[in-house]
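Hello,

Here is the structure I promised to pass on to you. Please open it alongside this message, and then read on for what turned up in it.

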Amino acid sequence: MRVNQMRLVVEVEDYDAAVAFFRDALGLTEEAAFSGGGDERVMILEAGRATLELANPAHHRYIDEVEVGRPVAPRFRIAFEVDDTAAGTAALVDAGAAEVAPPTETPWRSLNSRLDAPGDLHVTLFQELDPQPPHSPPKAAPQ
């Protein structure tokens, strides 16, 4: 079997706020949008290369400690690589996110911030501080 795409499906109570945040503020590209009977709506947003990061509870706690200084993340967290974490964090806060932790340099040389975003999603923005070759193997400590 070969997987060609990973799609994370999130049910959001305030669809319009979530679209404004993820498409308009974060800048994800609208790939498709559909509506049906009643108020049924869905939008598929392209977010670059997708990976699935599996972490045991000890690593989950470690990443919270590095990025925030205390346990905060729910079981699921979405991480987006951006070119400028500081500017991205400010833009997303202006768009309605709650900053959980400001941009912080990690031991694996990325600049990470934490946000609570529409749709009850816990988000990390990260910026690689060292140049990475395209599609390189992951660093020792994932984002």
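Glu30 counts as partly exposed, because its relative accessibility is 36%. Its side chain meets that of Arg23 in a salt bridge, with 3.0 Å from N to O. Arg23 is partly exposed as well, since its relative accessible area is 28%. Please keep in mind as you look around that this is a predicted model.

How many salt bridges does the structure hold? There are 9 of them, and two others may be worth a look. In one, the side chains of Arg109 and Glu105 meet at 2.7 Å, N to O. Arg109 is partly exposed at 33% relative accessibility, and Glu105 is partly exposed at 45%. In the other, the side chain of Arg41 meets that of Asp39 at 3.6 Å, N to O. Asp39 is exposed, because its relative accessible area of 61% is over the 50% cut-off. Arg41 has a relative accessible area of 35%, so Arg41 is partly exposed. Salt bridges with shared partners link Asp16, Asp39 and Arg41 into one network.

Next comes the sheet. It is an open one, formed by 4 strands in the order 3-6-5-4, and the pairing is mixed. Which strands lie at the edges? They are strand 3 (78–81) and strand 4 (98–105), each of which pairs on one side only. From one strand to the next, the twist averages 15 degrees.

If you follow the chain through this part of the sheet, you will meet two hairpins. Strand 4 and strand 5 pair in the antiparallel sense, over 5 bridges. One place to see this pairing is Thr104, whose bridge partner in strand 5 is Asn112. The hairpin of these two strands has 4 residues between the strands, and Arg109 takes a positive phi there, near 65 degrees. This is the Arg109 whose side chain meets that of Glu105 in a salt bridge.

The other hairpin joins strand 5 (residues 110–117) and strand 6 (residues 121–128), which pair in the antiparallel sense over 8 bridges. Two of the bridge partners are easy to look up: Asp116 has His122 as its partner in strand 6, and Arg114 has Thr124. There are 3 residues between the strands of this hairpin, where Gly119 takes a positive phi near 85 degrees.

Is Arg114 buried or exposed? Arg114 is found in strand 5, and it counts as buried because its relative accessibility is 0%, against a cut-off of under 20%. Its strand is mostly covered too, with 7 of the 8 residues of strand 5 buried. Arg114 and Phe126 are 12 residues apart in sequence, while their C-alpha atoms are 9.0 Å apart in space. One general point may help when you view these strands: in a regular strand, side chains alternate between the two faces of the sheet.

Away from that sheet, have a look at Val42, which is found in strand 2. Val42 counts as partly exposed, because its relative accessibility is 35%. Between Val42 and Ala32 there is a separation of 10 residues in sequence and 8.4 Å in space, C-alpha to C-alpha.

On the surface, which residues make a nonpolar patch? Met6, Leu52 and Leu54 do, and the patch has an area of about 360 Å². Leu54 sits in the loop between strand 2 (41–46) and helix 2 (57–67). With a relative accessible area of 74%, which is over the 50% cut-off, Leu54 is exposed.

Finally, a word on the record. An unreviewed UniProt entry carries the annotation "domain: VOC" for residues 2–128. Over residues 2–128, the chain is 25% helix and 32% strand. The end C-alpha atoms of that stretch are 29 Å apart.

If you would like a short route through the model, you could begin with the salt bridge of Arg23 and Glu30, go on to the hairpin of strand 5 and strand 6 with Gly119, and end at the surface patch that includes Leu54.

Happy viewing, and best wishes

Methods
Residues are numbered from 1 along each chain as its sequence is written. This is a predicted model: local features need pLDDT of at least 70, side-chain atom pairs count only at pLDDT 80 or more; totals for chains, interfaces and linings use all residues. Side-chain values use heavy atoms; hydrogens and water are left out. Patches are made of residues with over 30% relative accessible area and no salt bridge: like charges are joined within 9 Å, nonpolar side chains (Val, Leu, Ile, Met, Phe, Trp, Tyr) within 5 Å. Accessible areas come from the Shrake-Rupley method with a 1.4 Å probe; for residues, only the protein chains shown count as cover. A salt bridge is a side-chain nitrogen of Lys or Arg within 4 Å of a carboxyl oxygen of Asp or Glu. Buried means under 20% relative accessible area, exposed over 50%, partly exposed in between (1.4 Å probe, protein chains only). UniProt positions are given in the numbering used here, feature names are shortened, and annotations may be inferred rather than shown by experiment. Two strands pair if DSSP finds at least two bridges between them. Axes are lines fitted to C-alpha atoms, for helices over the stretch in contact, and angles run from 0 to 180 degrees between N-to-C directions.
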